[in-house]
Amino acid sequence: MRNSKPLLRSGPTVAAAATLCLALAGPAAAGPGISVNTTGSTVSVATSACTQISGNWGTASLLNSSQTSFSQGRQVSLSGTSAGQSAAWSNVSAGTYTVIVMCSNGSTAGRQSVIVTPAPSPSVSPTASPSRGVMGGIGGSAQDYGTVTLVAGGALVGTGLLATAYYLRRRNRPGHL
């Protein structure tokens, strides 16, 4: 028979550990409805937390590591619909940035850090050239065939030439229909 008491005693410990993890992750976690993505040197943010007031959804700001307030960052107006709003920054250099989204009603939709990595430079790698030429021509000229195969092929080509000459010669004779 199994003893379930150790499992019951570990329940409060697991709950306390989960609460501690959530408390530590709180300040670094993204706000409700904010999603930040990077593609190369472009940073984009999407949210559905803002409402439109006087035709304005809000503003998003991209702060580098030395900037501390929303007004110091590169600001872009949010655009979109009631289902979702977005903003994007292009030509962002490599580094760590913070994206902050402020809705038009003054509330903060979210704050999230993002790391932009430098775009990999294209690299040229040498390609191997064929070792015995290109497989082209009549029957693949780069493959090494045996004597029997070459004699048989030559006999077929010769027979075809003789049959063609015979047919053409016979056709050109007078009195032949």
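Two strands are taken to pair where DSSP finds at least two bridges between them. The legends below describe close-up views of a predicted model.

**View 1. Strand E6 and its antiparallel neighbours, E5 and E2.** Strand E5, which covers residues 79-81, is joined to E6 by three bridges, and the two run antiparallel. Within this pairing, Ser79 stands opposite Ser86 of E6, and the hairpin that connects E5 to E6 passes through two residues. Strand E2, made up of residues 42-47, is joined to E6 by five bridges, again with an antiparallel course. Here Ser86 of E6 is the bridge partner of Ala46, so that Ser86 faces Ala46 in one pairing and Ser79 in the other.

**View 2. The two faces of strand E6.** In a regular strand the side chains alternate between the two faces of the sheet. Strand E6, spanning residues 84-89, shows such an alternation, with Gln85, Ala87 and Trp89 pointing to one face, where they are buried. Gly84, Ser86 and Ala88 point to the other face and are not buried, a distinction that rests on a cut-off of under 20% relative accessible area.

**View 3. The open sheet E4-E3-E7-E8.** Four strands make up this open sheet, in the order E4-E3-E7-E8, and their pairing is antiparallel. Its edges are formed by strand E4 (74-77) and strand E8 (108-116), each of which pairs on one side only. From one strand to the next, the twist averages 20°. At the E8 side of the sheet, eight bridges join E8 to strand E7 (residues 95-103), and these two strands run antiparallel. Met102 is placed opposite Thr108 of E8.

**View 4. Helix H2, residues 147-171.** This helix has 25 residues and reaches 36 Å from its first C-alpha to its last, close to the 36 Å expected at 1.5 Å a residue. The number of buried residues among the 25 of H2 is zero, so the helix lies largely in the open.

**View 5. The protein chain as the setting for the close-ups.** Two helices and eight strands are present in the protein chain, and along the sequence they follow the pattern α-β-β-β-β-β-β-β-β-α. Of its 177 residues, 18% count as buried, while the accessible surface comes to about 13000 Å², with 60% of that area belonging to carbon and sulfur atoms. Among the contacts between residues at least 6 apart in sequence, 50% join residues at least 24 apart.

Note on methods: Residues numbered from 1 in each chain as written. Predicted model: local features only at pLDDT ≥ 70, side-chain atom pairs only at ≥ 80, totals over all residues. Heavy atoms only, no water. Buried < 20%, exposed > 50% of the residue type's maximum accessible area, 1.4 Å probe, protein only. Contact = heavy atoms within 4.5 Å. Areas by Shrake-Rupley, 256 points an atom, 1.4 Å probe, with all protein chains shown as cover. Axes fitted to C-alpha atoms, helices over the stretch in contact; angles between N-to-C directions. Expected span 1.5 Å × (residues − 1).
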